[in-house]
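Reader: Hello! I am new to this structure and would like a close look at a single part of it. Could you walk me through it?

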Amino acid sequence: MAQITYREALNQALREELDRDERVFIMGEEVGYFGGAFKVTDGLLAVYGEKRVRDTPIAELTIVGAGVGAAMGGLKPIVELMTINFGLLAMDQIINHAAKIHYMFGGRAKVPLVIRAPQGAGHQLGAQHSQSLEAYFLHCPGLLVAIPATPADAKGLLKSCIRQDNPVIFLEHESLYGVKGDVPEGEYLTPLGKANVLREGKDITIVSYSKCVYDAVAAAEALENEGVDAEVIDLRTLNPLDTATVVESVRKTGKAMVVYEGWRTGGAGAEIAAQIYEAAFDHLDAPVERVATLDTPIPYNARLEKAALPGAADIVKVAERMV
Amino acid sequence: MALEREKHIAERALLTMTETQLLDLYRRMVLIRRFEDKVAEMYSRGKITGFCHLYAGEEAVAVGAISALYDKDYVVSTYREHGHCLAKGSSPRAVMAELFGKATGLSRGHGGSMHLFDGELRFMGGYAIVGGGLPLAAGLGLAVRYKEEPEVVCCFFGDGALPQGAFHEALNMASLWKLPVVFICENNFYGMGTLVQNAICQEELYKFAEPYKMPGVRVDGMDVLAVHAATLEAAARAREGEGPSLIEATTYRFRGHSMSDPAEYRSKREERIWQERDPIKHLRRKLIQDGRANDARLAAIENEVAAVIDDAVKFAEESPEPALDTLGKYVYIDADGAE
């Protein structure tokens with residue numbers, strides 16, 4: 001095991017897949033000479049050249065659309081959106097094209113495209129640069145959604161996404177790029193649709209993904225001091241969604257909370273809660289709770305921003321009420 | 001004037017083409033017209049439903065352009081794509097069956113009139129979002145260049161796509177990267193019911209090529225040879241690595257925007273003027289005048305086509321509906337490649 005950052009883990013995954021498959025290439029704004037707005041693609045241009053690490057104009061719709069076309073033409077494009085906020089300009093190509101092509105052509109076409117995008121708040125970047133939009137993509141059949149929390153998963157999931165044939169939205173949290181974690185030496189893949197039980201417990205299940213996983217773990221440690229034994233599940237991917245692991249845990253604990261940085265209303269938490277109700281209603285001793293971002297745009301002011309976002313203290317407070 | 005030059009080239013094309021080639025152009029155009037007429041009939045009989053946009057009147061554009069390509073070249077199209085798909089060589093049976101929503105259709109009944117796809121023939125699909133196909137065409141062009149293959153991508157779209165951001169983004173990217181794409185704008189003068197001059201600040205659409213540093217020409221889209229000649233030139237340029245071109249083919253749809261549109265925003269007089277310029281009649285006259293074919297030969301082709309259309313309808317009618325268990329198929333591809 002080596003301790004590396006989430007950013008380095010992604011960079012390793014890209015290098016390994018570029019080495020492994022000639023069809024794999026990267027394109028996006030600033031991915032080449034700049035090394036990526038968040039430096040995820042740093043150093044790749046020098047090794048792989050402009051053909052495989054391609055800087056694009058600022059034209060998100062056509063960056064993604066060209067990715068779709070290149071995938072249909074037999075390549076395995078990895079498109080980087082500078083942030084998911086800018087990805088909204090590409091929604092037509094993501095939802096109407098990438099997600100539909102395999103289906104509406106009766107299975108006769110495929111779009112093996114990975115769209116990577118940073119997202120999330122916490123850096124006082126204001127309303128247009130701080131959103132967590134995974135629910136938009138989770139809602140749409142035909143798209144996979146990967147949303148890793150740890151460096152090891154960032155690497156293993158990205159490699160798995162590149163090697164399969166569906167279009168994927170791969171969401172990275174901007175606050176995680178510098179986070180270090182153990183990453184296995186050598187080649188490995190993290191399977192899509194397999195949640196990770198980070199901490200076993202018997203009193204309450206905390207389901208989370210992306211950055212909020214760290215808050216969930218911190219909250220579980222705090223709760224332990226109060227004699228509450230929390231189980232923490234990192235979903236890793238939202239589509240496929242590992243409902244089985246969540247339900248199994250809820251059957252044991254009888255209580256569940258979903259923690260996520262998307263807006264509370266209509267977020268992934270609502271879907272996960274609904275699935276828990278459908279599969280484990282009789283095992284629940286309390287309503288499923290959602291700890292999420294307040295239903296406001298993200299404000300600039302640091303104090304206000306922090307108050308809008310879910311944190312470990314919020315999780316502890318809600319858990320105390322539930323048990 | 002671009003149009004004069006293209007006319008001259010078209011005249012030359014007529015002289016240099018073999019009789020077989022000329023008759024093939026005629027046959028393909030008649031096939032599309034008869035196919036569309038039959039589709040209208042089947043639509044009114046409730047056999048075909050949903051949105052259905054017919055190509056009658058515009059045949060010279062699809063046939064002229066696609067006949068100038070090699071088989072392995074790619075075509076990207078719109079929701080008015082029956083003509084492009086047939087011109088590329090797709091089976092009329094499979095196209096008609098798709099319109100009937102049958103399991104034997106090109107897209108297994110999951111696509112319909114607006115979503116035909118024939119990968120083997122490199123007909124890369126009909127897309128029903130205005131302008132949606134242009135970024136895809138750029139991406140296909142990128143794949144061709146990446147693999148160092150000799151193909152070109154021919155991308156059809158209507159005048160309605162020009163104000164879309166996708167048009168401008170895709171032209172910029174294609175020109176910047178010298179992608180082998182031939183952009184063909186079918187200017188039928190109406191985006192649904194809105195006149196071009198009420199939607200676009202520059203009515204001479206081919207002039208949008210200039211800011212994107214690519215050749216732009218306006219051709220008579222009712223003259224199959226003019227479209228053929230312009231596409232040959234643009235495709236050759238793309239194949240040689242010199243980048244994309246924009247061809248504006250002025251044309252006219254003989255029917256409304258879709259089957260539900262009686263086209264009341266157009267005058268009868270205007271329709272008559274364009275009907276007189278019918279691209280099929282135009283080629284027919286030309287072939288006979290120049291002694292390249294006689295009436296009997298052309299009539300024989302028309303009869304052959306009529307039989308093909310009847311066969312396609314029979315095939316579509318007799319084909320099974322998609323099984324209900326295909327409803328959830330083709331949403332995802334499993335890790336082992338299964339659907």
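Reader: Into which domains is chain A divided? Please start there, and then take me close up to strand E5 (residues 114-119) of chain A.

Author: Happy to! Keep in mind that this is a predicted model. Chain A is divided into domain 1, covering 2-183, and domain 2, covering 196-322. The C-alpha centres of these two domains of chain A are 26 Å apart. Where the domains meet, domain 1 of chain A brings 25 residues to the contact and domain 2 of chain A brings 22 residues. On the domain 1 side, helix H7 (134-138), strand E6 (144-146), helix H8 (151-163) and strand E7 (168-173) of chain A each give at least two residues. That side of domain 1 of chain A is made up of 14 nonpolar, nine polar and two charged residues.

Please remember strand E7, as it leads us to your strand. E5(A) and E7(A) run parallel and are joined by six bridges. In this pairing, Pro118(A) is found opposite Glu172(A) in E7(A). E5(A) also pairs with strand E4 (residues 76-80) of chain A, again in the parallel sense, over three bridges. Here Glu80(A) stands opposite Arg116(A) of E5(A).

Now for the surroundings of the strand. Six of the six residues of E5(A) are buried, so the strand is largely enclosed by the rest of the structure. Val114(A), Arg116(A) and Pro118(A) point one way from E5(A), while Ile115(A), Ala117(A) and Gln119(A) point the other way, and all are buried. For chain A as a whole, buried residues make up 57% of the 323 residues.

Let us step back to the whole chain. Chain A holds 13 helices and 14 strands. Its radius of gyration is 19 Å, close to the 20 Å that the globule rule gives for 323 residues, so chain A is as compact as a globular protein of that length. Among the contacts in chain A with a separation of 6 or more, 79% are between residues 24 or more positions apart.

Finally, chain A has a partner: 34 of its residues are in contact with 38 residues of chain B. Helix H3 (60-72), helix H5 (91-98) and helix H6 (101-104) of chain A each supply at least two residues of the side that touches chain B. The largest share, nine residues, comes from H3(A). This side of chain A divides into 14 nonpolar, 15 polar and five charged residues.

Methods:
Residues numbered from 1 in each chain as written. Chains lettered and ligands numbered in written order. Predicted model: local features only at pLDDT ≥ 70, side-chain atom pairs only at ≥ 80, totals over all residues. Helix = DSSP H or I, 4+ residues; strand = E, 2+ residues; numbered from the N terminus. Rg over C-alpha atoms; globule rule 2.2 N^0.38 Å. Buried ≥ 20, exposed ≤ 12 C-beta atoms within 10 Å, placed from the backbone. Contact = placed C-beta atoms within 7 Å. Domains from an automatic or database assignment. Nonpolar A, V, L, I, M, F, W, Y, C, P; charged D, E, K, R; others polar. Pairing = 2+ DSSP bridges.
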